[in-house]
Amino acid sequence: MRKIRSRLIMIGVLVVLSVLALMPRNVTQRVVDSTTGRMKDTTVRETPINFGLDLRGGMHLALEVDQSRGPVPDPAEAIRRAERVVRTRINEFGTTEPVVQIVGNNRLIVELPGEQDPARAKGIIQRTAFLEFRITDMKNEFRDAIPQIDGALRAAGVHAAGAAPASTVSQLFGGDSTKDKGKGKGKGKAAAADTSQANQAGALSSLLFQGSVPGEFLVPEEQVSAVDSLLARPDVKRLIPRGLDYKWGIEVESRGARSYRALYVVEEKPIITGDLLEKATARRDQMTNQSIVEFVLSRRGGRVFERETSRHINDFMAIILDGRVQGTPPVIKSQIGQRGQIELGSKPLQEANDLALVLRAGALPAPLVIVEERTIGPSLGKDSINDGIRAGIVGVILVVLIMVVFYRLSGVLAVLALTLYVLFTLAGLAGFGFTLTLPGLAGLVLSVGIAVDANVLIFERIREELQHGKLVRTAVDEGFTHAMTAIIDSNVSTALTAFILYLVGTGPVQGFAITLIIGIAASMITAVFVVRTFFMIWLQRRPDMVTLSV
Amino acid sequence: MLRLFANANYDFIKWRRWAYGLTALTIVPGFLLFFVHGLNYSIEFTGGTLVQVETVQPVGTAKLREALDAAGIRDAEIQQFGAANEYVVRARLAEASANAEGSTQSTAHAVSDALTAGLGADQFKVLRVEAVGPKVGRELQSKAFLAILFSFLVTLAYLAVRFEWRFGLAAVLATSHDILATIAFIRYLNLEVSLVVVGAVLTMVGYSLNDTIIIFDRVRENLRKFRRQNLYEILNLSINETLPRSVLTHGTTMATTLALVLLAGEVLRPFALVMTFAIFTGTFSSIYIAAPVLMYIEKRWPGEDARGARAFRATGAAPTESRAPQAEPTTR
């Protein structure tokens with residue numbers, strides 16, 4: 001009797017613990033307020049079972065340092081720094097329970113449950129957000145070098161492919177009244193270059209048109225890649241004046257029927273970079289209806305910026321983000337301190353918000369490339385849960401029917417134990433914080449089938465012992481003891497394979513392995529310990545029982 | 001009291017040749033197909049892009065093909081997936097183009113752009129995107145291989161501890177048979193081999209081994225209990241004694257896997273199908289492969305339990321095997 005009581009207490013404790021583990025609780029989530037667009041904390045009550053991305057919908061990304069555009073010296077260190085940056089960005093971006101973690105030594109995993117706009121999220125994560133300010137080629141050194149470059153190209157056998165018709169050139173220049181606004185001293189040379197260009201149609205010069213700002217050139221959109229490859233030639237690179245670099249503009253400009261992209265020749269050394277930036281906010285300018293990102297530099301950044309800008313009054317300053325010049329470089333009218341702004345033109349405010357966010361969070365140490373992506377729509381996840389639950393219910397009903405039909409009252413006891421089994425398994429998942437995935441759901445359903453195996457083994461053994469003419473009590477005892485070795489063997493072998501699956505598997509498969517392992521543990525408790533207790537109570541109440549309903 | 005196969009007394013070992021024939025008939029053609037066509041690996045392993053879309057109208061794969069062709073996406077494979085208005089577009093990475101990690105990303109984008117152009121933006125919804133770069137694909141391949149290898153080693157080690165090596169070897173051979181049969185099965189139905197299906201195969205390894213262990217456990221017990229009888233009889237006896245348990249356990253497990261096949265949706269179906277077949281073949285091999293193979297092993301390398309293994313028949317039976325009587329009911 002005392003033995004039964006202590007067993008019942010143990011079962012009771014387990015049940016209470018399981019129920020506690022599964023109790024809905026308050027969870028604080030960071031979400032975007034739909035009215036203000038700001039982040040806020042909300043509290044929701046939910047059952048503490050982690051659903052995998054395949055069940056709740058969302059996005060899983062694996063990123064690595066992109067080495068395709070040049071080697072990165074220490075990818076492991078780069079990914080560690082990238083993790084911090086990405087985490088900051090994601091936290092501000094506002095999804096519930098995001099996961100940012102490093103796997104191995106060079107892979108970053110980002111999981112955003114319930115993400116509705118994968119493209120935008122990817123943009124925020126992947127954007128390098130390297131901001132720099134550089135002075136444009138104020139002395140027109142590059143323009144003066146163009147004839148030499150043309151000459152070198154001619155010598156190398158590269159000729160103007162399809163020189164632009166002269167009319168376009170003149171029209172372009174005619175419409176450009178602000179040309180060489182900053183400094184007039186290069187004008188004569190420019191005219192000389194123009195004539196040489198018209199006469200000889202050099203391979204490079206025929207593709208470039210002087211823009212409105214010193215160091216700015218316009219290139220017909222369809223020739224952008226041609227210019228890019230010309231400038232990348234080693235013999236051309238040598239001729240680009242020392243200390244200068246070239247960057248493409250981000251916007252395409254239409255003039256008449258043709259569209260042009262701006263090429264900016266800028267100083268190689270930035271006057272300041274985004275790592276000295278402290279704050280960035282987006283707003284919409286009421287007057288011009290432009291989206292604007294305002295930024296504030298750190299105190300040190302402010303000093304550097306002040307010193308540099310005071311040296312460059314009346315120069316043009318290109319704002320370069322991730323290698324692309326944003327808008328038209330503004331002229332520096334007076335020295336600038338800690339505050340500045342980036343104009344985004346007619347782009348939507350959300351884009352400005354995103355830019356401000358990534359600027360605040362800082363630049364990635366190296367560009368990241370997505371090596372694996374899984375995005376699951378929330379509706380699909382919901383369908384999967386519903387289908388899985390339906391299959392589970394049908395499976396369990398079938399198992400219950402089989403057990404009750406074959407083992408009658410003993411079967412009923414087994415079924416009672418089975419409900420405890422489901423409770424324990426779910427509580428195990430919730431309590432240890434494991435994640436339930438779609439394959440995990442299958443594992444759960446499957447383990448219900450496997451869970452009754454232990455009971456089947458025991459009951460069959462009891463039947464055999466009864467057949468051998470043993471008393472009910474002895475038969476039950478022997479049934480349990482003799483079936484034990486087989487039960488342990490079978491559970492250990494299944495658990496071992498599940499454990500290996502967990503070790504080498506990825507997300508969903510690990511979920512399967514986990515539910516299987518927890519299921520096995522729970523079934524050992526319920527099928528052996530709980531059912532045994534039920535039998536003990538039964539025999540206790542009917543000590544004179546001659547036949548067992550098994 | 002409802003009992004199935006209670007006190008059954010079938011001579012299972014006698015039918016071993018038929019069983020070998022049957023299983024060879026399943027496995028060999030399957031493997032011929034396997035060597036000619038290979039398996040249908042999921043993009044997890046090959047690298048590539050999968051886009052699952054739901055259209056407002058059931059437009060049919062031809063219409064989707066048209067939309068993708070118009071956008072110049074040629075190598076994609078389009079398949080109706082579950083419901084009539086759900087489709088899966090798969091673009092596997094060719095071996096040659098394994099250079100660009102980012103290309104899988106752009107493919108996903110290109111597919112949805114192509115469908116927007118071909119069907120209209122409000123006519124479809126992207127339910128799922130998977131894009132796996134070639135590097136991750138190669139990693140998963142080696143991981144799956146490692147998983148299978150390790151599970152074999154670990155179960156071998158476990159068997160070595162629990163049983164004498166002859167039993168262990170027989171159990172491993174039976175399990176190997178199950179893996180071969182399952183590969184043939186996957187090939188017949190041309191199921192997509194994803195990581196989850198590999199998981200199913202590994203679960204099957206555990207399940208089938210477990211079944212064999214339960215029979216062998218009984219064999220070990222009976223060998224000690226019935227000193228008079230030879231191995232042939234003991235094997236038959238043990239299989240018969242465990243038969244009710246086998247039928248019931250496999251019945252319940254199969255009920256759950258069949259429920260998964262029929263109700264759990266398209267994503268889990270390959271997994272559920274493999275599991276269902278695995279239960280079947282695991283049961284079959286435990287009875288018809290593991291037990292006779294144990295006989296052969298005991299005949300070749302006789303151990304202390306090898307009594308009668310050489311004769312390969314029950315005691316007192318006529319020398320011609322075809323006329324061998326059934327094993328005597330056990331004296332109790």
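**Helix burial, helix packing and the chain A–chain B contact**

In this predicted model, the buried residues of helix α10 of chain A are G301(A), F305(A) and T309(A). Viewed down the axis of α10(A), these buried residues fall within an arc of 55°, so they line one face of the helix. On the other side of α10(A), the exposed residues are R299(A), R300(A), S310(A) and R311(A). The cover over the buried residues of α10(A) includes three elements of chain A, namely β12 (272-273), β13 (277-284) and β14 (291-297). Helix α10(A) spans residues 299-311, and its 13 residues reach 19 Å from the first C-alpha to the last, close to the 18 Å expected at 1.5 Å a residue.

In chain B, the axes of helix α5 (residues 134-162) and helix α7 (residues 195-225) come within 11 Å and cross at roughly 5°. This crossing makes α5(B) roughly parallel to α7(B). Helix α5(B) contributes L140(B), A144(B), A147(B), I148(B), S151(B) and T155(B) to the contact, while α7(B) contributes L195(B), V198(B), L202(B), V205(B) and L209(B). By residue class, this contact comprises nine nonpolar, two polar and no charged residues.

The contact between the two chains takes 57 residues from chain A and 58 residues from chain B. On the side of chain A that touches chain B, two or more residues are given by each of β18 (368-376), α12 (378-431), α13 (438-467), α14 (472-504) and α15 (507-541) of chain A. The largest share of that side, 15 residues, comes from α12(A). The residues of chain A that touch chain B divide into 33 nonpolar, 15 polar and nine charged.

Conventions:
Residues are numbered from 1 along each chain as its sequence is written. Chains are lettered from A and ligands numbered from 1 in the order in which they are written. This is a predicted model: local features need pLDDT of at least 70, side-chain atom pairs count only at pLDDT 80 or more; totals for chains, interfaces and linings use all residues. Axes are lines fitted to C-alpha atoms, for helices over the stretch in contact, and angles run from 0 to 180 degrees between N-to-C directions. Helices (H or I, at least four residues) and strands (E, at least two) are DSSP runs, numbered from the N terminus. Angles under 35 degrees count as roughly parallel, over 145 as roughly antiparallel, 65 to 115 as roughly perpendicular and the rest as oblique. Two residues are in contact if their C-beta atoms, placed from the backbone, lie within 7 Å. Ala, Val, Leu, Ile, Met, Phe, Trp, Tyr, Cys and Pro count as nonpolar, Asp, Glu, Lys and Arg as charged, and the others, Gly among them, as polar. The expected span of a helix is 1.5 Å times one less than its number of residues. A residue is buried if 20 or more other C-beta atoms lie within 10 Å of its own, exposed if 12 or fewer, and partly exposed in between; C-beta atoms are placed from the backbone. The arc is that of the directions from the helix axis to the C-beta atoms.
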